[in-house]
Amino acid sequence: MLSRRGFLHATATSAVGVTAISGRVQAAAIPEAPTTKDGATQPPLTPPTGADYNPVVTLNGWTLPWRMNGDWKEFHLVAEPVVREFAPGMKVYLWGHNGQSPGPTIEAVEGDKVRIFVTNKLPEKTSIHWHGQRLPNGMDGVAGLNQPHIPAGKTFVYEFQLQRSGSFMYHSHSDEMVQMAMGMIGSFVVHPRDPAFRRVDRDFVFLMNSHTVEPGNYVPKVSEMTNFNMWTWNSRVFPGIDPMVVAKGDKVRIRMGNLSMTNHPIHLHGVEFIVSCTDGGWVPEQAAWPEVTVDIAVGQIRAIDFVANAPGDWAIHCHKSHHTMNSMGHDVRTYIGADIKKAAENLKKLVPGYTPMGTDGMGMMGEMQMPGPDNTLPMMTGSGQFGPIEMGGMFTTVKVREGLAANDYKDPGPYKFPKGTVAYEVDAPQSEAPRQNIQKETNKPTEMKGMKGMKGMKGM
């Protein structure tokens, strides 16, 4: 990844598609486009000059460097095919920006004049919509409506002044069903001009998306509408999602954008929070109320603020239980309480090594880690210091620790529980495991009261 110092002092020589660029910058060189394929959370990009702000940390991502050209802050996005590792053992072929999907986070300050170059290296035309921004109509990015499409191999430029601070997104608005399903999305954070306004100690951001990647495949089914099997945060699934590491006492903000196909009730354990910001603006502090779960609809952003006052490894996840699974099938039969011993014996004759599962729930799948097709994750996975976590998809942890340095985001490892603070087993009378009492169905007709002698009546 190009260093910030190198990027700020670089002079670009490329003139790709210069005829598509605004006349105001016709003679200016196009800035370089930094790129990375590293799937780990990168350190925040602290600005060396300009307005003071506390930079964001992009979960399993990074912030796009820029250069100053007069009073314009210049960025360069490249739309291109990318390979994204959802979690160790599974890679997916997506479309993204600058080597990753989602693309890098754009950060700037309220009042900044931004110039964003977009080079198209996709096999088809594209555009970018700046979701939630106030800007001239011709910069809004809806291809065909208020701008020409960006042809393959060409570069366009967007220019506008940031009129308000808050949490925003960018995404394709050309062949949208395909391009957003393939990962053409990214975060856009605008910091307040007043550095003291709603300031926090640690600020995280990520986007939610959904994909259907069939077992053994590498490319999502872009025409899927409902039966998704991979639910991602910044195109990662548990256990591939990094923890959010904070110091005890920190004021923390988590900005979450939803560009999937359904809503997500995001639940944070161990602490109450307030919704501080949406893609429509800041929520007045006097209007805030405490929550532990916030529902985020399609196309919405919600930022939550809280004080990390309790050390530990606290779960944060979508509360739709099938959104915390990987490679989940949708036509799986339920065998809980059923006796399938005889059926299993017959199946073993046809399929050597067949193991019946599901009669006592599905938790065993978190321990067995049965092999599947290449490039396919287990449905339940991940482990902690007490055993399998039995999760996937939209799940990670907020790790609160005492004594962390201000810029320390390294994973501190499992929480060391003080003595006497972990749930434990006690001696209790043993009882027979509960059994489900299922009444056998019969084909014997049930005679209804008052129906005798009515066979000959008309209309029956």
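Visitor: In which strand is Asn258 found?
Guide: This is a predicted model. One of its strands spans residues 251–258. Asn258 is found in that strand, β14.

Visitor: Is Asn258 buried or exposed?
Guide: Buried means under 20% relative accessible area. Asn258 has a relative accessible area of 0%. That value is under the cut-off, so Asn258 is buried.

Visitor: Which residue has its backbone oxygen 3.2 Å from a polar atom of the Asn258 side chain?
Guide: Leave out residues up to four places away in sequence, and Asn258 touches several others, including Met169, Met208, Asn263 and His264. A run from Ile296 through Ala297, Val298 and Gly299 to Gln300 is also touched. From this run, the backbone oxygen that lies 3.2 Å from a polar atom of the Asn258 side chain belongs to Ala297.

Visitor: Which strands are at the edges of the open sheet of five strands?
Guide: The order in this sheet is β13-β23-β20-β15-β18, and the pairing is mixed. An edge strand here pairs on one side only. The edge strands are β13 (244–247) and β18 (293–296).

Visitor: What does the twist average from one strand to the next?
Guide: The sheet in question is the open one of five strands, with mixed pairing. From one strand to the next, its twist averages 20°.

Visitor: Which residue in β18 does Ile266 stand opposite?
Guide: Strand β15 covers residues 264–268. It pairs with β18 in the antiparallel sense, over four bridges. Opposite Ile266, in β18, stands Val294.

Visitor: How many residues are in the largest nonpolar core?
Guide: Ile266 is also a member of this core. Along with Trp233, Ile254, Met256, Phe306 and Val398, Ile266 touches the most other members. The largest nonpolar core counts 29 residues.

Visitor: How many residues are in the second, separate core?
Guide: Val118 and Tyr158 are included in it. So are Leu162 and Tyr170. The second core has 26 residues.

Visitor: Which residues is Ile254 in contact with, leaving aside neighbours within four places in sequence?
Guide: Ile254 is one of the core members that touch the most others. Its contacts include Phe204, Phe206, Met244, Arg302 and Ala303. The rest of the list is Ile304, Phe306, Ile316 and Val398.

Visitor: How many residues lie between β21 and β22 in their hairpin?
Guide: Strand β21 takes residues 381–384, and β22 takes residues 387–391. The two run antiparallel, joined by three bridges. Gly384 has Gly387 as its bridge partner. Between the strands of this hairpin there are two residues.

Visitor: Is Glu390 buried, partly exposed or exposed?
Guide: Glu390 has its place in strand β22. Its phi is positive, about 60°, although it is not a glycine. The relative accessible area of Glu390 is 29%, and the class is partly exposed.

Visitor: What is the relative accessible area of Asn375?
Guide: Asn375 is in the loop between α4 (365–368) and β21. It too is not a glycine, and its phi is positive, near 60°. Asn375 is buried, with a relative accessible area of 11%.

Visitor: What is omega for the cis peptide bond from Ser101 to Pro102?
Guide: Pro102 is in the loop between β4 (90–97) and β5 (106–109). The bond from Ser101 is cis, with omega near -5°.

Visitor: Where is Pro239 found?
Guide: The peptide bond from Phe238 to Pro239 is cis, with omega near 10°. Pro239 is found in the loop between β12 (230–233) and β13.

How values were computed. Residues numbered from 1 in each chain as written. Predicted model: local features only at pLDDT ≥ 70, side-chain atom pairs only at ≥ 80, totals over all residues. Heavy atoms only, no water. Pairing = 2+ DSSP bridges. Axes fitted to C-alpha atoms, helices over the stretch in contact; angles between N-to-C directions. Buried < 20%, exposed > 50% of the residue type's maximum accessible area, 1.4 Å probe, protein only. Polar contact = N/O pair within 3.5 Å; in protein donor to acceptor, adjacent residues only side chain to side chain. Contact = heavy atoms within 4.5 Å. Core = buried A, V, L, I, M, F, W, Y, C linked by side-chain atoms within 4.5 Å.
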